[in-house]
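I am opening a notebook page for this protein and want to write down, step by step, what I look up in it.

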Amino acid sequence: MPTKSALCQICKQEKRIRDLVPAEIIRPSLIHFIEARHPEWSPEGFICLSDLNKLRTDYVKQVIEAEVGEISTLEGEVLTSMRERELLSTNIYADLDAQQTFGERLSDRIAAFGGSWRFIILFGAVLLVWISANSLVLLWRPFDPYPFILLNLVLSTLAAIQAPIILMSQNRMESRDRLRSENDYKINLKAELEIRHLHEKVDHLVKQQWQRLVEIQQIQIELMEELAERKRS
């Protein structure tokens with residue numbers, strides 16, 4: 001009794017039925033891969049085991065190469081997005097210092113000097129000399145006798161002038177702090193968005209990897225089943 005045979009669609013050779021696989025039982029993803037390489041593929045024909053195994057190997061190789069390429073593309077997209085976007089981390093103090101007026105710089109220096117130990121020691125020495133001079137040296141003809149009315153006037157005038165200058169400096173410091181807070185908020189917001197974007201890409205990549213690993217595993221199972229059938233026959 002003659003052995004039944006059929007034509008392989010890939011190698012175009014006549015082979016026995018036991019060495020052929022019907023096209024209708026092949027996985028859809030593998031069928032798309034075969035159709036891309038062989039447009040004459042017919043879902044009603046046959047394919048020999050040697051060509052099917054070769055095409056399976058090429059398909060798995062393409063899947064792995066596509067996976068590696070996708071990882072490289074992902075890294076490139078992240079680097080490009082980070083490179084093209086405007087940097088929010090800037091030195092805001094340098095811009096503020098460049099826009100300072102003479103009065104603002106003077107108020108900062110006066111406030112810095114008025115809040116230092118140098119001012120306290122110097123002012124204490126002036127008070128001590130003033131009181132000593134009007135109490136001891138100029139006892140007979142003091143220019144500011146006790147209770148030192150002129151000294152009180154000088155102190156009141158100094159306090160009246162120093163207070164608004166210190167307030168001006170504090171207002172400038174408050175503006176600098178507000179700009180720094182806004183800049184920190186922008187940087188933190190950008191970092192949060194970048195991290196969220198990376199998480200979404202990583203989740204998408206992991207999902208695709210699992211799908212492709214399942215496909216590769218199913219192809220391996222099919223190969224093992226075919227080998228087992230060939231051994232039984």
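**Confidence first**

I began with pLDDT, the predictor's confidence in each residue from 0 to 100, and found that in the protein chain the mean is lowest, at 64, in helix H3 (residues 92–98) and highest, at 87, in strand S4 (residues 46–48). The protein chain averages a pLDDT of 76, and 77% of the residues score at least 70. I keep in mind that where pLDDT is low, the predicted coordinates should not be read in detail. I note that this is a predicted model, in which local features need pLDDT of at least 70 and side-chain atom pairs count only at pLDDT 80 or more, while totals for chains, interfaces and linings use all residues. Residues are numbered from 1 along each chain as its sequence is written, and side-chain values use heavy atoms, with hydrogens and water left out.

**Overall layout**

I looked up the helices (H or I, at least four residues) and strands (E, at least two), which are DSSP runs numbered from the N terminus, and found six helices and four strands in the protein chain. Read along the sequence, they follow the pattern β-β-β-α-β-α-α-α-α-α.

**The nonpolar core**

Next I turned to the largest nonpolar core, meaning a set of buried Ala, Val, Leu, Ile, Met, Phe, Trp, Tyr and Cys residues joined through side-chain atoms within 4.5 Å, where buried means under 20% relative accessible area, exposed over 50% and partly exposed in between, with a 1.4 Å probe and protein chains only. This core has 22 residues, and Ile10, Ile26, Leu30, Ile34, Trp41 and Ile47 have the most contacts inside it. The elements giving two or more residues to this core are S3 (20–22), H1 (28–37), S4, H2 (49–84) and H6 (149–232), and H2 gives the most, with six residues.

I then followed Trp41 and its contacts (heavy atoms within 4.5 Å): leaving out residues up to four places away in sequence, Trp41 touches Gln9, Ile10, Ala23, Ile26, Ile31, Ile34, Glu35 and Ile47.

**A buried asparagine**

Is Asn134 buried or exposed? Asn134, which is found in helix H5 (residues 117–137), counts as buried because its relative accessibility is 4%. Not counting residues up to four places away in sequence, Asn134 touches Pro142, Phe143, Asp144, Pro145 and Phe148.

**Chain totals**

Finally I looked at the whole protein chain, where 25% of the 233 residues count as buried. Of its contacts with a separation of 6 or more, 68% are between residues 24 or more positions apart.
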